[in-house]
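Me: I would like a close look at one part of this model, namely the place where two of its helices pack against each other. Please take me through the residues on both sides and what surrounds them.

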Amino acid sequence: MFSHIIYSIFSVGICLLAGKMIETFLPILPASLYGMMMFTMLLHFKILNAKRIQPCIEWALANMAVCFVPAGVGIINHFELIKAHGFTLIAIIFFTTFLLLTFVGLVYQRQLNRQQLAATNEQKK
């Protein structure tokens, strides 16, 4: 189990370090996002062993609620601001969520159509 923890920390650390290096040359996204994308690609292409990382990821997900405590405290501390602009905030959240879900759905549908077209062309050959 200890080797899984070391492997997970090392894998995430290397990806974050690589993300920081990418950010110095391409400062469009935060280093953590570059690292997360790299970590995802390494898992997708099976360069990293997902079975060894799984126990640590499960532990992190089980304890993720601790990360939301500061957000709850922030809401309590800024209650007057939220009370004054609450409707606007909710409208913005719903609108941007709708836009994002629509965009992701359209991109996914386009990709799915391409795959189906490629499969159809492959069957015709």
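Reply: What follows is a walk through the contact of helix α1 with helix α3 and the residues around that contact.

The model is a predicted one, so a word on confidence comes before the details. The chain has an average pLDDT of 91, and 100% of the residues score at least 70. Confidence in the chain is highest in helix α2, residues 31-44, at a mean of 95, and lowest in helix α4, residues 69-77, where the mean is 82.

Two packed helices are described by the angle between their axes and the distance between the axes. Here the axis of α1, which spans residues 2-25, and that of α3, which spans residues 50-62, come within 8 Å of each other and cross at roughly 90°. An angle between 65 and 115 degrees counts as roughly perpendicular, and α1 is therefore roughly perpendicular to α3.

On the α1 side the contact is made by Ser3, His4, Ile5, Tyr7, Ser8 and Ser11, and these meet Arg52, Ile53, Pro55 and Cys56 on the α3 side. Sorted by class, the contact of α1 with α3 holds five nonpolar residues, four polar ones and one charged one.

From the α3 side, Ile53 is a useful residue to follow, since leaving out residues up to four places away in sequence, Ile53 touches Tyr7, Ser8 and Ser11 as well as Phe39, Leu43 and Leu48. Ile53 also belongs to the largest nonpolar core, a set of five residues whose other members are Tyr7, Cys15, Phe39 and Leu48. Tyr7 and Ile53 thus appear both in the contact of α1 with α3 and in that core.

From the α1 side, Ser11 offers a matching view. With a relative accessible area of 4%, Ser11 falls under the 20% cut-off and so counts as buried. Apart from its neighbours within four places in sequence, Ser11 is in contact with Phe39, Leu48 and Ile53, and each of these three is listed in the largest nonpolar core.

Two isoleucines of α1 deserve separate mention. Ile5, which is in helix α1 and takes part in the contact with α3, is partly exposed, with a relative accessible area of 32%. The C-alpha atoms of Ile5 and Ile57 are 9.8 Å apart in space, while the two residues are 52 residues apart in sequence. Ile6, also found in helix α1, has a relative accessibility of 44% and counts as partly exposed. Ile6 and Cys56 are 50 residues apart in sequence, yet their C-alpha atoms are 9.7 Å apart.

For contrast, Leu101 in helix α5, residues 79-124, and Ala50 are 51 residues apart along the chain, and their C-alpha atoms are separated by 28 Å. Leu101 is exposed, with a relative accessible area of 60%.

One further residue to inspect is Lys46, which is placed in the loop between α2 and α3. Lys46 has a positive phi of about 60° although it is not a glycine, and its relative accessibility of 71% makes Lys46 count as exposed.

How values were computed
Residues numbered from 1 in each chain as written. Predicted model: local features only at pLDDT ≥ 70, side-chain atom pairs only at ≥ 80, totals over all residues. Heavy atoms only, no water. Axes fitted to C-alpha atoms, helices over the stretch in contact; angles between N-to-C directions. Helix = DSSP H or I, 4+ residues; strand = E, 2+ residues; numbered from the N terminus. Parallel < 35°, antiparallel > 145°, perpendicular 65-115°, else oblique. Contact = heavy atoms within 4.5 Å. Nonpolar A, V, L, I, M, F, W, Y, C, P; charged D, E, K, R; others polar. Core = buried A, V, L, I, M, F, W, Y, C linked by side-chain atoms within 4.5 Å. Buried < 20%, exposed > 50% of the residue type's maximum accessible area, 1.4 Å probe, protein only. pLDDT = per-residue confidence, 0-100.
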